[in-house]
Amino acid sequence: MKKTVNEKESQNKVKGKSELWEYVRIIVAVVLVVGIVNTFFLLNARIPSDSMENTIMKGDQLFGNRLAYKNEDPKRYDIVIFKFPDDEKQLFIKRVIGLPGETVTILDGKVYINDDPTPLDDSFLPEKMEGDFGPYEVPQDCYFMMGDNRNWSNDSRFWNNTYVRRDQILAKAVLRYWPLTKIGFVE
């Protein structure tokens with residue numbers, strides 16, 4: 001009888017080690033998958049300022065698609081996550097306004113491209129932008145960025161390095177996942 005008890009204890013120890021090993025393998029696999037997804041497919045961002053209000057609010061958390069610009073270039077009005085040109089350790093999120101080779105001029109708070117007499121649509125802005133800026137001649141392979149809360153946005157108008165190079169753009173903002181009451185696509 002004593003052998004049977006010892007055999008059962010031994011079997012239970014082996015079973016316990018086997019179960020523990022399975023949990024460790026699952027945890028390692030999940031960490032690897034999350035790491036790969038975060039490195040190559042998605043960029044997780046928390047919005048630190050009110051420069052994109054009312055489109056994206058301070059404290060919102062969202063995912064950016066790292067693959068969005070692998071086969072195409074950013075388009076006007078895309079909301080992108082990029083390395084801040086004045087300090088590449090910081091990530092910024094803004095809206096693309098000026099494309100490579102364009103001239104951006106802001107008169108009486110309205111944005112004009114290449115002297116077109118019709119200003120860009122700004123119906124999504126929370127308030128009328130104030131002031132005159134520019135003209136800005138956007139170099140090839142670069143973009144001119146502005147926040148949606150333009151009177152309070154630290155954007156291309158104010159940076160030492162005015163333009164965002166194409167290789168500084170990391171992702172296109174696609175999905176807000178926090179707060180839960182506002183889950184949805186970012187536009």
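This passage walks through the fold, the nonpolar cores, the strand pairing and the unusual backbone spots of a predicted model.

At the level of secondary structure, the protein has 1 helix and 11 strands. Reading along the sequence gives the pattern α-β-β-β-β-β-β-β-β-β-β-β, so the helix comes before the strands under numbering from the N terminus. Of the 187 residues in the protein, 37% are buried. Contacts between residues at least 6 apart in sequence lean on long separations: 59% of them join residues at least 24 apart. As for the surface, the protein exposes about 11,600 Å², with carbon and sulfur atoms supplying 56% of that area.

Now for the inside. The largest nonpolar core has 14 residues, and the members touching the most other members are Val 104, Val 111, Phe 144 and Met 146. Four strands each put at least two residues into this core, namely β5 (103-107), β6 (110-113), β7 (133-137) and β8 (142-146). The biggest giver is β8, with 3 residues. Phe 144 is a handy place to start looking around. Leaving aside residues up to four places away in sequence, Phe 144 touches a run from Arg 95 through Val 96 and Ile 97 to Gly 98, and also Val 104, Tyr 136 and Val 138. Further along the chain, its contacts are Ser 156, Arg 157, Thr 162 and Tyr 163. There is also a second, separate core of 13 residues, which includes Phe 82, Phe 84, Phe 92 and Ile 169.

Three of the strands that feed the largest core can be followed through their pairing. β5 pairs with β6 in the antiparallel sense over 4 bridges, and here Thr 105 stands opposite Tyr 112 in β6. These two strands form a hairpin with 2 residues between them. In that turn, Asp 108 has a positive phi of about 50°. β5 also pairs with β7, again antiparallel, over 3 bridges. Val 104 has Tyr 136 as its bridge partner in β7, and both residues of that bridge turn up among the contacts of Phe 144. In a regular strand the side chains alternate between the two faces of the sheet.

Strand β7 has a backbone quirk of its own. Gly 134 lies in this strand, as does Pro 135, and the peptide bond joining the two is cis, with omega about 10°. Gly 134 counts as partly exposed because its relative accessible area is 44%, which sits between the 20% and 50% cut-offs. Its C-alpha atom is separated by 8.5 Å from that of Leu 107, a residue 27 places away along the chain. A second cis peptide bond runs from Trp 178 to Pro 179, with omega near 5°. Pro 179 lies in the loop between β10 (169-178) and β11 (184-185).

Most residues other than glycine have a negative phi, and most peptide bonds are trans. Against that background, a couple of loop residues deserve a look. Asn 114, in the loop between β6 and β7, has a positive phi near 50° without being a glycine. Asn 114 is classed as partly exposed because its relative accessibility is 43%. Asp 141 is found in the loop between β7 and β8, and its phi is positive too, at about 65°. With a relative accessible area of 46%, Asp 141 is therefore partly exposed.

One more loop residue is Asp 50, found between β1 (42-46) and β2 (61-65). Its relative accessibility is 33%, so Asp 50 counts as partly exposed. Not counting residues up to four places away in sequence, Asp 50 touches Lys 58, Asn 149 and Trp 152. The C-alpha atoms of Asp 50 and Asn 154 are separated by 10.0 Å, although the two residues are 104 apart along the chain.

Note on methods. Residues numbered from 1 in each chain as written. Predicted model: local features only at pLDDT ≥ 70, side-chain atom pairs only at ≥ 80, totals over all residues. Heavy atoms only, no water. Core = buried A, V, L, I, M, F, W, Y, C linked by side-chain atoms within 4.5 Å. Buried < 20%, exposed > 50% of the residue type's maximum accessible area, 1.4 Å probe, protein only. Contact = heavy atoms within 4.5 Å. Areas by Shrake-Rupley, 256 points an atom, 1.4 Å probe, with all protein chains shown as cover. Pairing = 2+ DSSP bridges.
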